[in-house]
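Colleague: I'm new to this structure and would like a close look at one part of it, the salt bridges. Could you walk me through them and then show me what else is worth finding on the way?

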Amino acid sequence: MTLLVERWPRLSAIPHVDLGRSPTPLERLPKLSSIAGAEVWCKRDDLTGTLYGGNKVRKLEFLLAQAEAEGADTILTTGAAGSHHVLATTLYGRRRGFEVHAVVMPQVRNPHVEENLRADLKGGAILHPFSGYAMFPAAMAGVAAKLKVQKKRVFVIGPGGSDATGVLGYVEAGLEIARQLLDLPGREPDAIYVPLGSGGTAAGLAVGLAAAGVMAEIVAVRVTPRHLLNKAVLSTLTRGLVQRLREHTDRFPGVGEIAMRNLTIEEGFLGEGYGYATGAGREAGRVAAETEGLTLDAAYTSKTLAALLAHARGPRRGQRLMYVHTLSSAPMTPLLEGAPPLPRALAKLMTEP
């Protein structure tokens, strides 16, 4: 039983499948705290699954269940070349018996991106490379049309799985954190840091925590350009999520406005753009590895922790801060054993930094 259903039984009408492990640990990071000058805790959502972890697993528990409920046999999704979402969808979608297609777009070259692409291929994904983000809507529509001509029953999952279905996974996570905070000595966190990519993790957490009465500030650290995700888009996503939940049960609190008040977008750590490494991110990755054994990536987690560390050494010195670790820590070796080399069309998606 999900925490959503436990608290609001009528939400059992929303399809859900168990894919990962929960609750994930909430741990104090003592060595990092001593360096940061603040009390730093980590929500270990890198541990959501042994096959593949990270924040996408929680979303897929609702998305794949909805696809099954609608009788789909094929998943169509999208992401950048090294997308964690595409890889997680491939692995868990194939395990649930779906054919998985993904429209993939260019991303800055690094070993992590190449590994994810090769793991996609080994996992059984059918990848459709396109040369630019401006082509994304037409590319998705075109691939979907071709699949339907082939008599495929297609379920479309948008970027990052961040729609009013996928985001339910992070409402659940917010309720999970709220329950864990009951055992935490002292006050609730002053701020919780998450990446702001497609917006689902931040929006879901804000709604789940507000519904549970936790008013910590959610600091959503921008890792994608503003034209793709901004306050207006985030507000629409958040309010649509609350509306959907209240359509199932009016006992779910109307926390859309509160959730948005608790959300702050941190703009200062994007660097040159999505996927580009930053100096602050590299330093955050080094510190996380040396103090707590955490591995960060250039696109999302390094920028998020860099923001936390900068704030801890400045206006949030001495505060209680939480970092949500959204990168899978499941070993990549099994996913790459026997993986094919990249065909030229996919290799060309990796742009030079």
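Modeller: Here is a walk through the salt bridges, followed by a few backbone spots and one sheet. Keep in mind that this is a predicted model. A search of the whole structure turns up 18 salt bridges, and we'll visit some of them.

Start with Arg 179 and Glu 6, whose side chains meet in a salt bridge at 2.5 Å, N to O. This pair links distant parts of the chain: Arg 179 sits in helix α7 (residues 168-181), Glu 6 sits in helix α1 (residues 3-7), and the two are 173 residues apart. Arg 179 is partly exposed, with a relative accessible area of 44%, and Glu 6 is partly exposed too, at 41%.

While you're at this end of the chain, have a look at Thr 2, which is found in the segment before α1. Thr 2 has a relative accessible area of 11%, so it counts as buried, the cut-off being under 20%. A polar atom of the Thr 2 side chain lies 3.1 Å from the backbone nitrogen of Val 5. Leaving out residues up to four places away in sequence, Thr 2 touches His 16 and Glu 172.

Next, find Glu 217 and Arg 316, whose side chains form a salt bridge at 2.4 Å, N to O. Here again distant parts of the chain are linked: Glu 217 is in strand β9 (residues 217-222), Arg 316 is in the loop between α12 (301-312) and β11 (320-324), and 99 residues separate them. Glu 217 is partly exposed at 23% relative accessible area, whereas Arg 316 counts as buried at 13%.

A third pair is Arg 226 with Glu 267, at 3.4 Å, N to O. Arg 226 lies in the loop between β9 and α9 (231-248) and Glu 267 in the loop between β10 (263-266) and α11 (279-292), so the salt bridge ties together parts that are 41 residues apart in sequence. Arg 226 is exposed, with a relative accessible area of 52%, while Glu 267 is partly exposed at 33%.

Salt bridges can also join up into a network, as they do for Lys 43, Asp 45, Arg 58 and Glu 176.

Now for the backbone. Most residues other than glycine have a negative phi, and most peptide bonds are trans. Against that background, look at the peptide bond from Ser 22 to Pro 23, which is cis, with omega near 0 degrees. Pro 23 has its place in the loop between α1 and β1 (26-28). Then go to Lys 151, where phi is positive, near 70 degrees. Lys 151 lies in the loop between α6 (136-149) and β7 (154-156), and it counts as exposed at 69% relative accessibility.

That loop leads us to a sheet. Four strands form an open sheet in the order β6-β4-β3-β7, with parallel pairing. β6 (126-129) and β7 stand at the edges with a single partner strand each, so one side of each has no neighbour in the sheet. On average, neighbouring strands here are turned by 25 degrees against each other, direction ignored. β3 (residues 74-80) and β7 pair over three bridges in the parallel sense, and Leu 76 has Val 156 in β7 as its bridge partner. Helix α6 packs on this sheet, touching β3, β4 (99-105), β6 and β7, and its direction makes about 160 degrees with that of β3.

Conventions. Residues numbered from 1 in each chain as written. Predicted model: local features only at pLDDT ≥ 70, side-chain atom pairs only at ≥ 80, totals over all residues. Heavy atoms only, no water. Salt bridge = Lys/Arg side-chain N within 4 Å of Asp/Glu carboxyl O. Buried < 20%, exposed > 50% of the residue type's maximum accessible area, 1.4 Å probe, protein only. Polar contact = N/O pair within 3.5 Å; in protein donor to acceptor, adjacent residues only side chain to side chain. Contact = heavy atoms within 4.5 Å. Pairing = 2+ DSSP bridges. Axes fitted to C-alpha atoms, helices over the stretch in contact; angles between N-to-C directions.
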